[in-house]
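Trainee: Please take one part of this structure, its core, and go through it closely. Then carry on outward from there.

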Amino acid sequence: MSLHLSEAMAYLQYQLGAEVDSAGRTVADTSWSTQLQSSEHLWMLLEGAHVLTLMLFAGTILFVDLRLLGLVLRKVPVSAVADTVLPYTVAGFAIMVLTGSALFFANPLEYYHNPVFRVKAVFLVAAALNIFIFHWRVQAGREKWDASERPPTTARVSAGVSIVLWIAVIITGRYAAYDWFKCGQTTGVIAELAQCTEFETTQVHAEQDLAV
């Protein structure tokens with residue numbers, strides 16, 4: 001299953017949108033993924049937009065979390081704080097996802113086999129689950145403590161977990177951009193976690209189909 005996913009990432013990176021020569025072989029460096037990666041201005045625009053909207057999204061979430069912890073705006077109802085920042089949170093999230101997906105598409109095979117990126121994905125799923133649990137269980141009784149200066153323990157725990165997880169997402173996302181843990185430059189347990197053997201196999205198969 002994981003090898004199939006690796007091959008799917010290779011298809012995105014080397015073949016999707018690529019030109020084909022008269023022999024039916026994929027012309028190297030013509031795929032949409034490669035063109036996006038080599039487009040300096042578009043890449044910089046996407047990366048800048050991703051970082052800025054991540055700051056907007058995480059910043060608004062942090063503001064609500066700090067209110068839930070009873071550290072800021074203690075006289076203002078939680079609902080008022082949340083409703084005020086919600087449009088910015090939604091806008092930041094939408095643009096962050098779009099730009100993040102585009103950045104991933106520019107180098108999908110290496111990102112997929114990057115252990116730090118995989119850890120980031122785990123933190124993202126955990127953060128999403130925490131949000132779901134908060135809205136499904138914790139916030140269900142918010143009318144009882146909405147105006148409280150110090151919300152109940154469950155709300156404060158959820159807020160604390162949220163802060164930790166989003167900080168972890170930001171840190172791992174930053175380190176995923178470096179080559180320190182990429183296949184070919186790492187060994188041992190890290191290479192096993194990244195499934196570098198599968199990466200190398202997929203890379204060889206992909207290059208065999210390319211017309212250089």
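**The core and what surrounds it**

Mentor: Twelve residues make up the largest nonpolar core, and the 12 are Met 9, Ala 10, Tyr 14, Leu 109, Tyr 112, Cys 183, Ala 191, Ala 194, Cys 196, Phe 199, Ala 206 and Leu 210. At least two residues of this core come from each of α1 (2-14), α5 (108-112) and α10. A nonpolar core here is a set of buried Ala, Val, Leu, Ile, Met, Phe, Trp, Tyr and Cys residues joined through side-chain atoms within 4.5 Å. Buried means under 20% relative accessible area, exposed over 50%, and partly exposed in between (1.4 Å probe, protein chains only). Helices (H or I, at least four residues) are DSSP runs numbered from the N terminus. This is a predicted model, in which local features need pLDDT of at least 70 and side-chain atom pairs count only at pLDDT 80 or more, while totals for chains, interfaces and linings use all residues. Residues are numbered from 1 along each chain as its sequence is written, and side-chain values use heavy atoms, with hydrogens and water left out.

Within the core, Ala 191 is in contact (heavy atoms within 4.5 Å) with Thr 186 and Cys 196, leaving aside neighbours within four places in sequence. Apart from this core lies another, of 11 residues, among them Ala 82, Val 85, Phe 134 and Val 138.

Phe 134 leads to helix α8, through Ser 158. Ser 158 lies in α8 and is buried, with a relative accessible area of 9%. Its contacts, not counting residues up to four places away in sequence, are Asn 130 and Phe 134. The other buried residues of α8 include Ala 155, Ile 163, Leu 165, Trp 166 and Val 169. The helix packs its buried residues against α3 (40-68), α6 and α7 (142-145). With 23 residues, α8 (residues 153-175) should span 33 Å at 1.5 Å a residue, and its end C-alpha atoms are 33 Å apart, which agrees; the expected span is 1.5 Å times one less than the number of residues.

α3 passes the same kind of check: its 29 residues should span 42 Å, and its end C-alpha atoms are 42 Å apart. Its buried residues include Leu 46, Leu 54, Phe 57, Ile 61, Val 64 and Leu 68, as well as His 50, Asp 65 and Arg 67. They are covered by elements that include α2, α4, α6, α7 and α8.

In α2 (residues 32-38), Ser 33 is buried at 0% relative accessibility. Beyond four places in sequence, Ser 33 touches Leu 12, Gln 13, Phe 105, Ala 106, Asn 107 and Pro 108. Gln 37, also placed in α2, is partly exposed at 39%. Its contacts outside that sequence window are Trp 43, Ala 106 and Asn 107.

After α3 the backbone has two positive phi values. Gly 70, just after the helix, has phi of about 75°. Leu 73, with phi near 45°, is not a glycine; Leu 73 is in the loop between α3 and α4 (78-105).

That loop also takes part in salt bridges (a side-chain nitrogen of Lys or Arg within 4 Å of a carboxyl oxygen of Asp or Glu), of which the structure holds three. Glu 149 pairs with Arg 74, the closest N and O atoms being 3.9 Å apart. This pair joins the loop between α7 and α8 to the loop between α3 and α4, 75 residues apart. Lys 75 also meets Glu 149, at 2.5 Å from N to O, so Arg 74, Lys 75 and Glu 149 are linked in a network. Lys 75 is exposed, at 71%, whereas Glu 149 is partly exposed, at 30%.

The remaining bridge brings us back to α5, one of the helices that supply the largest core. Glu 110 and Lys 182 meet at 3.4 Å, N to O. Glu 110 lies in α5 and Lys 182 in the loop between α8 and α9, so the pair ties together parts that are 72 residues apart in sequence. Glu 110 is partly exposed, at 28%, and so is Lys 182, at 21%.
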